[in-house]
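Me: I am new to this structure. Please show me how to read its empty spaces and its packed interior.

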Amino acid sequence: MTRRLRPAPFAGHPLVSPLQASVVYTADTPSELDAMYVERSGYTYSREGHPNAATLARMIDTLEGVEGGVVTGSGMGAVALALLARLGAGDHALGSTQLYGRSLRLMVEELPRLGIATDLFDPTDAASAAALIRPETRAMLVEVVSNPTLRVADIAGLAALCRDHAVALIIDNTFTTPRGFAAFDHGADIVLHSVTKLLSGHSDAMLGWVAAREPEVNARLDVLSATWGTTPAPFDCWMAERGLLSFPLRHERAEANAAALAQALAEMEGVTRVLYPGRADHPDHARAEALLGSHGGTMVSFEIAGGRAEADALAKAAPMPFAPTLGDIATTLSHPATSSHRALSVEGRAALGISEGFFRLSVGVEPVAELLTGLERAVAAARQA
Ligand code: PLP
């Protein structure tokens, strides 16, 4: 048996993308291989690119209204490539204080090791970023809606600041999604996603996506991906392609559920605070309306009275899985004080408004009545604890 045997040809095109597991692609002659490298046409070695990644990248490109995006092996891979594409030793970068924990660590611990100075700013206050701009500031990383307090960044103010100082605005659109926020239309130079979350939507594929407005930066992202080795696995891309097909439907339903849950929680005895950008009582509601329109998002945070005992009772009685992630097709409950924000001191968490009674729901597509009765039971269990 020889590897030179090719699959038997057949007529017709498969409706479902073939899963292409091959790491290596053959050419018939050295000249053909040479041409493929020079023209970057066809595939040679899957770290340099493969059909499943290319298909998925094109699908997300369409959602974000851009061409030439790159899929990475995780959302953090996308964050890293975005920063690496714009920064080098001697440069300065700004990051939001409310970034996802690993993104914060990348900014605060890893970039300085490469000779890149970093500072953090309050994303709801563009003046706090303006005060930190230096002549060598080259990039700013921000999320539109923060986790888990769901504060809305002053994207208009930050975009104007970046434009005035030739700073690349990098927007992590994971939470807001392309359906909820058109990041390039709001001044982003680079947009990225943890595709692991809402876009793929089933907690079974670990992926990221990153794209720039300028084609030259996309070419740079492509080279960085192959060189730093952030290329995704074909199987994950294949799974995410399937998940992405239902993304608009899932998102529409989950947003409607989230709005209904936020309203019900606000009326529930024992719930002391509800945070949902779509509600009039949200601290950034006006900004949320301006940036997100009717898209209140799929995350709802709330607080109950009491401490760890009450939190344990609620999680135990809740019908939804207690899991430190987001964006699954089903609703999940998380407790930031013991997961995403556990590295902070009690005082640090208090400054962000995260107490032991603080929970975040990543809302899914279940029948909303089921979620409501389950939550009522869970909140009641906490009150009795
Ligand atoms: N950005 C945001 C907003 C996230 O929530 C996460 C993960 O939770 C990431 C980036 C990193 O994505 P991944 O876990 O796919 O590496």
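**Reading the cavities, pocket and cores**

Reply: The largest cavity has 13 lining residues, and those nearest its centre are V145, F175, T176, G296 and G297. Keep in mind that this is a predicted model.

Me: How is empty space found in general, and what volume does the largest cavity have?

Reply: Rolling a probe the size of a water molecule over the atoms shows where empty space is left. Here the largest cavity has a volume of about 100 Å³. Its lining consists of six nonpolar, six polar and one charged residues.

Me: How many cavities of 30 Å³ or more does the structure hold?

Reply: There are two cavities of 30 Å³ or more. The second largest has a volume of about 70 Å³.

Me: Which residues line the second largest cavity, and which helix gives the most to that lining?

Reply: The lining includes L198, R250, H251, A254, T298 and G327. It also includes D328, I329, S362, V363, G364 and V365. Helix α10, residues 247–266, gives the most, with three residues. By class, this lining divides into five nonpolar, five polar and two charged residues.

Me: A pocket, I gather, is open. What is the volume of the largest pocket, and which residues are closest to its centre?

Reply: The volume of the largest pocket is about 1,000 Å³. It is lined by 43 residues, and L99, Y100, G101, R102 and S340 are the closest to its centre. The elements that supply two or more lining residues are α3 (75–86), α4 (101–113) and β6 (190–194). Of the elements, α4 gives the most to this lining, with seven residues. The lining of the largest pocket has 18 nonpolar, 17 polar and eight charged residues.

Me: Now the packed interior. Which members of the largest nonpolar core touch the most other members?

Reply: That core has 48 residues, and M140 and I171 touch the most other members. At least two residues come from each of α2 (51–64), α5 (126–130), β4 (137–143), α6 (155–164), β5 (168–172), β7 (208–212), α9 (234–245) and α11 (285–292). The most come from α6, which gives five residues.

Me: What does I171 touch, leaving out residues up to four places away in sequence?

Reply: I171 touches V142, V144, I155, F181, A183, A188, I190, V191 and L192. Apart from the largest core lies another core, of 25 residues, among them A82, L83, A139 and L141.

Me: How should I read a helix that packs against other parts? Which residues of α12 are buried?

Reply: An α-helix has 3.6 residues a turn, so residues three or four places apart point the same way. In α12, residues 308–317, the buried residues are E310, A311, A313, L314 and A315. These pack against β9 (299–304), β10 (332–334), β11 (358–362) and α14 (368–384).

Me: How many aromatic pairs are there, and what does the pair of Y25 and Y43 tie together?

Reply: The structure holds three aromatic pairs. One of them joins Y25 and Y43: it is tilted, with 5.5 Å centre to centre and 45 degrees between the planes. Y25 lies in the segment before α1 (30–39) and Y43 in the loop between α1 and α2, so the pair ties together parts 18 residues apart in sequence.

Me: Are Y25 and Y43 buried or exposed?

Reply: Y25 is buried, because its relative accessible area is 17%, under the 20% cut-off. Y43 is partly exposed, with a relative accessible area of 30%.

Key
Residues are numbered from 1 along each chain as its sequence is written. This is a predicted model: local features need pLDDT of at least 70, side-chain atom pairs count only at pLDDT 80 or more; totals for chains, interfaces and linings use all residues. Side-chain values use heavy atoms; hydrogens and water are left out. On a 1 Å grid over the protein atoms alone, a cavity is a set of points where a 1.4 Å probe fits but cannot get out, and a pocket is an open set with protein on both sides within 12 Å along at least five of seven lines; lining residues have an atom within 4 Å of a point. Grid points are joined across faces, edges and corners, and a volume is the space filled by probe spheres set on the points. Ala, Val, Leu, Ile, Met, Phe, Trp, Tyr, Cys and Pro count as nonpolar, Asp, Glu, Lys and Arg as charged, and the others, Gly among them, as polar. Helices (H or I, at least four residues) and strands (E, at least two) are DSSP runs, numbered from the N terminus. A nonpolar core is a set of buried Ala, Val, Leu, Ile, Met, Phe, Trp, Tyr and Cys residues joined through side-chain atoms within 4.5 Å. Buried means under 20% relative accessible area, exposed over 50%, partly exposed in between (1.4 Å probe, protein chains only). Contact means heavy atoms within 4.5 Å. Rings of Phe, Tyr and Trp (its six-membered ring) pair if their centres lie within 6.5 Å; planes under 30 degrees apart count as stacked, over 60 as edge-to-face and the rest as tilted.
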